[in-house]
Amino acid sequence: MAVIVDKAKCIGCGSCVVECPVEALDLVDGIATVNPDKCKDNGSCVTVCPSNALTLDPKAKAKAAPESKAEGGENKEFSPSEPMPKPVADYAQTAEKKAAPVAGGDVWSGVWVIIEYNHGKIAPVSWELLGEGRKLADAIGCELCGVVTGYEVEHVIKEAFAYGAEKVYTMDDPVLKDFRTEPYADAITNLVRKYQPEIILMGATAMGRDVFPAVATRLQTGLTADCTVLGIDPETKLLQQTRPAFGGNIMATILCRTRRPQMSTVRPRVMAMPPRVEGRLGEVIREELGMTEDQVRTKVLEFIGGDAKSIFLDKAEIIVSVGLGIGSQKNMALVEELADTLGATLACSRGIVEAGWMSHDHQVGQTGVTVRPKVYIAVGISGAIQHLVGMETSDFIIAINNDPEAGILRVANYGIIGDLFQVVPALTAEFKKRLQHGVAN
Ligand SMILES: Cc1cc2nc3c(=O)[nH]c(=O)nc-3n(C[C@H](O)[C@H](O)[C@H](O)COP(=O)(O)OP(=O)(O)OC[C@H]3O[C@@H](n4cnc5c(N)ncnc54)[C@H](O)[C@@H]3O)c2cc1C
């Protein structure tokens with residue numbers, strides 16, 4: 001028998017029964033009981049047990065992780081007599097090089113990126129993450145894989161290869177046509193349980209922020225949301241997940257030392273877009289969702305698309321961003337007219353949000369959205385560091401400010417030093433004139 005049950009510790013929660021992919025566990029008189037004929041020693045039940053009542057038989061562990069060594073304690077494994085560690089969130093332990101024992105052993109391998117596809121659109125952050133995932137996979141010597149779930153997704157699989165995935169796991173099913181948490185979380189969770197990746201990444205988009213916590217809860221592992229920097233220790237394979245914390249006052253690096261997979265959502269536009277190589281191919285692993293429409297509680301009645309003005313900031317190509325230099329809410333019409341003329345998206349500094357003149361989802365910066373448009377026009381924004389970190393990687397920055405010492409001018413490609421109440425109307429009029437005459441630049 002592979003899995004050993006400590007009856008004194010078992011609380012009869014049934015997590016292991018739900019977890020086991022081969023139905024080798026059952027609750028008998030409220031205690032987990034293993035069917036030795038069915039058990040395949042994969043250890044996933046050990047990972048989910050909240051009371052540390054399950055351990056892997058040492059012979060099974062040797063089979064599951066033949067290359068792992070217990071020398072010097074660096075890759076120390078569990079012995080059946082040792083309690084499994086509790087799931088813990090680890091803060092600021094980057095100085096701690098030594099790997100903690102990982103629940104479930106060394107079977108976890110591969111960097112996965114969940115490719116976000118909904119209503120015919122692929123979220124570009126998926127490709128940014130394939131670029132970042134490549135670096136992580138190279139550092140620890142494993143495969144970079146894409147996960148494509150949805151309906152009629154063949155073209156998405158091709159794109160995933162073009163942006164660098166070596167392998168794609170896919171579930172193509174009409175139930176996955178519209179995004180809904182339940183079937184998407186099930187799809188990702190089942191793939192993870194079966195193939196056991198070391199790391200999974202997804203964009204910190206509305207979809208990523210919705211589905212990833214559900215997946216992490218089902219897998220009983222840690223999730224760091226909204227990361228802005230990722231790194232990895234090649235020795236311990238610990239993902240260093242950095243994100244603003246305590247209202248943006250510090251950057252925290254978070255490790256998930258004892259649970260797998262390591263899960264992060266990453267802000268769009270903070271990672272560079274990798275090159276697209278047309279025609280690049282890879283391996284496709286197709287799996288069934290195993291769920292029917294009548295098993296899903298949520299129904300999509302209608303999909304209402306957004307208008308141009310409600311375009312997500314992180315995807316905008318031209319942004320007109322306004323700061324407190326605008327003076328009062330009634331003057332906002334000036335920048336709105338400039339944005340309308342250019343077909344740009346309107347954004348702002350935190351000063352404007354605090355004044356109550358625009359909502360927080362328009363705020364650019366450390367505690368707002370990170371943007372990377374082709375053109376960023378900053379109007380009456382001083383350029384505090386918390387604002388700059390959210391926009392300084394824009395392709396082309398134009399700043400309008402009456403203070404020649406303003407910080408924004410240091411990152412600007414063009415600085416217009418002057419009174420915005422004169423400069424902005426003049427610019428708007430000139431753009432209108434040129435656009436009417438079809439002049440592109
Ligand atoms: C933890 C933390 C997180 C933060 N996160 C963010 C964030 O995500 N995003 C963010 O933006 N800020 C953030 N801030 C706030 C940030 O530090 C600044 O206070 C804020 O960005 C200032 O906004 P502002 O540039 O609009 O205003 P100000 O700093 O007041 O700048 C106004 C600018 O307008 C110029 N000006 C005035 N009149 C005119 C005129 N007539 N013509 C031309 N120029 C004119 C002035 O010279 C000045 O440079 C954060 C702060 C903290 C402490």
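Which helices and strands each supply at least two residues of the shell around the ligand? Keep that in mind as we walk through this predicted model. The elements to look for are α9 (350-355), α10 (385-388), β21 (396-401) and α12 (420-436). Of these, α9 gives the largest share, with 3 residues.

Let's stay with the ligand for a moment. There are 31 residues around it, and the ones that come nearest are Gly323, Gly325, Arg350, Gly351 and Gly365. If you sort the shell by class, you get 19 polar, 9 nonpolar and 3 charged residues. Where does the ligand sit with respect to the domains? Domain 2 (111-294) and domain 3 (309-436) both give residues to the shell, so the ligand lies between them.

Now on to a sheet. Find the open sheet of 5 strands and read off its order: β19-β18-β20-β21-β22, with parallel pairing. At the edges you'll find β19 and β22 (414-417), each of which pairs on one side only. Neighbouring strands here don't line up exactly: on average they are turned by 20° against each other, ignoring direction. You've met one of these strands already, since β21 also supplies at least two residues of the ligand shell.

Zoom in on one pair of strands. β18 (residues 318-322) and β19 (residues 345-348) run in the parallel sense and are held in register over 4 bridges. To get from β18 to β19, the chain goes through helix α8 (residues 332-342), and this β-α-β crossover is right-handed. You can check the pairing residue by residue: Ile319 stands opposite Thr345 in β19, while Val322 has Cys348 as its bridge partner in β19.

And what does α8 do once the chain gets there? It packs on the sheet, where it touches β18, β19 and β20 (375-379). The direction of α8 makes about 175° with that of β18.

Before you go, have a look at two spots in the backbone, both in loops. In the loop between β15 (250-255) and β16 (262-266) you'll find Pro261. A cis peptide bond joins Arg260 to Pro261, with omega at about 0°. The other spot is Glu152, in the loop between β9 (144-150) and α5 (154-162). Glu152 isn't a glycine, yet its phi is positive, near 55°.

Definitions and conventions
Residues are numbered from 1 along each chain as its sequence is written. This is a predicted model: local features need pLDDT of at least 70, side-chain atom pairs count only at pLDDT 80 or more; totals for chains, interfaces and linings use all residues. Two strands pair if DSSP finds at least two bridges between them. A crossover is right-handed if, with the strands pointing away from the viewer, the path from the first strand over the helix to the second runs clockwise. A residue is near a molecule or strand if its C-beta atom, placed from the backbone, lies within 6 Å of it. Ala, Val, Leu, Ile, Met, Phe, Trp, Tyr, Cys and Pro count as nonpolar, Asp, Glu, Lys and Arg as charged, and the others, Gly among them, as polar. Domain bounds come from an automatic or database domain assignment. Axes are lines fitted to C-alpha atoms, for helices over the stretch in contact, and angles run from 0 to 180 degrees between N-to-C directions. Two residues are in contact if their C-beta atoms, placed from the backbone, lie within 7 Å.
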